[in-house]
Amino acid sequence: MTLPFGTRLRQAMDERGPLCVGIDPHASLLADWGLNDDVAGLARFTRTVVEALGETVAVFKPQSAFFERFGSRGLAVLETAVVEARERGALVLMDAKRGDIGSTMAAYAETFLRKDSPLFSDALTVSPYLGYGSLRPAVDLARESGAGLFVLALTSNPEGAEVQRAVREDGRTLAATMLGHLAAENAGAEPLGSFGAVVGATLGDLSSFDLAINGPLLAPGIGAQGATPADLPKVFGDAVRNVVPSVSRGVLRHGPDAAALRAAADRFADEVRTALG
């Protein structure tokens, strides 16, 4: 039986270091690497990142949109990357931010969370803003498959506040409501629940939110977006041990040299360890 995602994530971060590296092959980054903005460039970029870091980083976070833009050939590159990353021992968090209702949400879940799917991933980002209950097909399939979810809660983009910090009739913000749902999903899980929240590392003091959801907190914004590992304790407080810091350009800009990619990832992981004490 597959161990739950939360258990495997805790093990991976303890053994490999608390770091998630995004795989974001956008056109400007391909150009910086001297690659064409085509399927061949996409494949070479992705293969280089996976081969350089797959045996050392805890988590890869491929952004599916950058593969989908090339149609079926781009998705084939993504399928290969997912399989090869997991073969090297890294966990794969698919950054697809899916959200819908009913059978459509179930189909999204089957795409990324069904064990025999060619895109099966250890976890998936999802959007709850059709109501948290709309995510139930993904929650149920994740439990069945030993996978996890990361629910958008307090994202690092400035536009997110108009939705996430909107106040309900009961006086709670929508973000706090989502965090509450996740805490309920993770109740009793040890050493870590499998249902996490996306909480931006650039948001400053979040002491007004209860981040103690007994689940992982994916923290984008490290590196190019301006946050540093040293900011994590100030942002996440007592929940900082459950943070999964995510960096993309801060590592990827050092390619295509494999040694330089590894050195950059190692440096960020060491800085995170120091910040977390």
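Visitor: In this predicted model, are Phe-5 and Phe-150 buried or exposed?
Guide: Both Phe-5 and Phe-150 are buried, and that word is kept for residues under 20% relative accessible area.

Visitor: How many aromatic pairs does a search of the whole structure find?
Guide: The search finds two aromatic pairs. Phe-5 and Phe-150 form one of them, with 6.0 Å centre to centre and 85° between the planes.

Visitor: What makes the pair of Phe-5 and Phe-150 edge-to-face?
Guide: Take the distance, then the angle. Ring centres have to lie within 6.5 Å, and here they are 6.0 Å apart. Planes over 60 degrees apart count as edge-to-face, so an angle of 85° earns the name.

Visitor: Why can one say that this pair ties together separate parts of the sequence?
Guide: Phe-5 sits in helix H1 (residues 5–16) and Phe-150 in strand E5 (residues 148–154), so the two rings join parts that are 145 residues apart in sequence.

Visitor: Why is the pair of Trp-33 and Phe-45 called tilted?
Guide: The centres are 4.3 Å apart and the planes make an angle of 40°. Stacked needs an angle under 30 degrees and edge-to-face one over 60, and the rest count as tilted; an angle of 40° therefore gives a tilted pair. Trp-33 is in the loop between helix H2 (27–32) and H3, while Phe-45 is in helix H3, twelve residues apart. Both Trp-33 and Phe-45 are buried.

Visitor: Thr-46 is also in helix H3. How do you know whether Thr-46 counts as buried or exposed?
Guide: Thr-46 has a relative accessibility of 2%. The cut-off for buried is under 20%, so Thr-46 counts as buried. Beyond residues up to four places away in sequence, Thr-46 touches Ile-23, Phe-67, Val-77 and Ala-81.

Visitor: And what does Leu-75 in helix H5 count as, and why?
Guide: Leu-75 counts as partly exposed, because its relative accessibility is 29% and the class runs between 20% and 50%. With residues up to four places away set aside, Leu-75 touches Phe-67 and Glu-68. The C-alpha atoms of Leu-75 and Leu-119 are 8.8 Å apart, with their places 44 residues apart along the chain.

Visitor: Which residues have the most contacts inside the largest nonpolar core?
Guide: They are Leu-53, Leu-113 and Phe-236, in a core of 76 residues. Helix H3 (residues 39–53) gives the largest share of this core, seven residues. Leaving out neighbours within four places in sequence, Phe-236 is in contact with Val-199, Gly-200, Ala-201, Leu-211, Leu-217, Ala-219 and Val-243. Another core lies apart from the largest one and has 16 residues, including Phe-5, Leu-9, Ala-123 and Val-198.

Visitor: Which residues line the largest cavity, and how do they divide into nonpolar, polar and charged?
Guide: Ile-23, Val-50, Phe-60, Pro-62, Leu-78, Ala-81, Val-82, Ala-85 and Val-92 line this cavity. Strand E2 (59–62) and helix H5 (71–87) each give two or more residues to that lining, and H5 gives the most, with four. Nine residues of the lining are nonpolar, none polar and none charged. Ala, Val, Leu, Ile, Phe and Pro are among the kinds that count as nonpolar, so the names in the lining account for that division. The space in the largest cavity is about 40 Å³.

Visitor: How does the lining of the largest pocket divide?
Guide: Seven of its residues are nonpolar, eleven polar and five charged. The pocket holds about 420 Å³ of space and has 23 lining residues, with Asp-24, Lys-61, Asp-95, Pro-220 and Gln-225 nearest its centre. Strand E3 (91–98) and strand E8 (243–247) each supply at least two residues of this lining.

Visitor: What is the phi of Lys-97?
Guide: Phi of Lys-97 is near 50°, a positive value in a residue other than glycine. Lys-97 lies in strand E3 and is partly exposed, because its relative accessible area is 39%. Asn-214, also not a glycine, has a positive phi of about 55°. Asn-214 lies in the loop between E6 and strand E7 (217–219).

Visitor: Where is Pro-191 found, and what is the peptide bond before it?
Guide: Pro-191 is in the loop between helix H9 (174–185) and strand E6 (195–199). The bond from Glu-190 to Pro-191 is cis, with omega near 0°. The bond from Gly-255 to Pro-256 is cis as well, with omega near 10°.

Methods:
Residues numbered from 1 in each chain as written. Predicted model: local features only at pLDDT ≥ 70, side-chain atom pairs only at ≥ 80, totals over all residues. Heavy atoms only, no water. 1 Å grid on protein atoms, 1.4 Å probe; cavity = no way out; pocket = protein on both sides within 12 Å on 5 of 7 lines; lining within 4 Å. Points joined across faces, edges and corners; volume = space filled by probe spheres on them. Core = buried A, V, L, I, M, F, W, Y, C linked by side-chain atoms within 4.5 Å. Buried < 20%, exposed > 50% of the residue type's maximum accessible area, 1.4 Å probe, protein only. Contact = heavy atoms within 4.5 Å.
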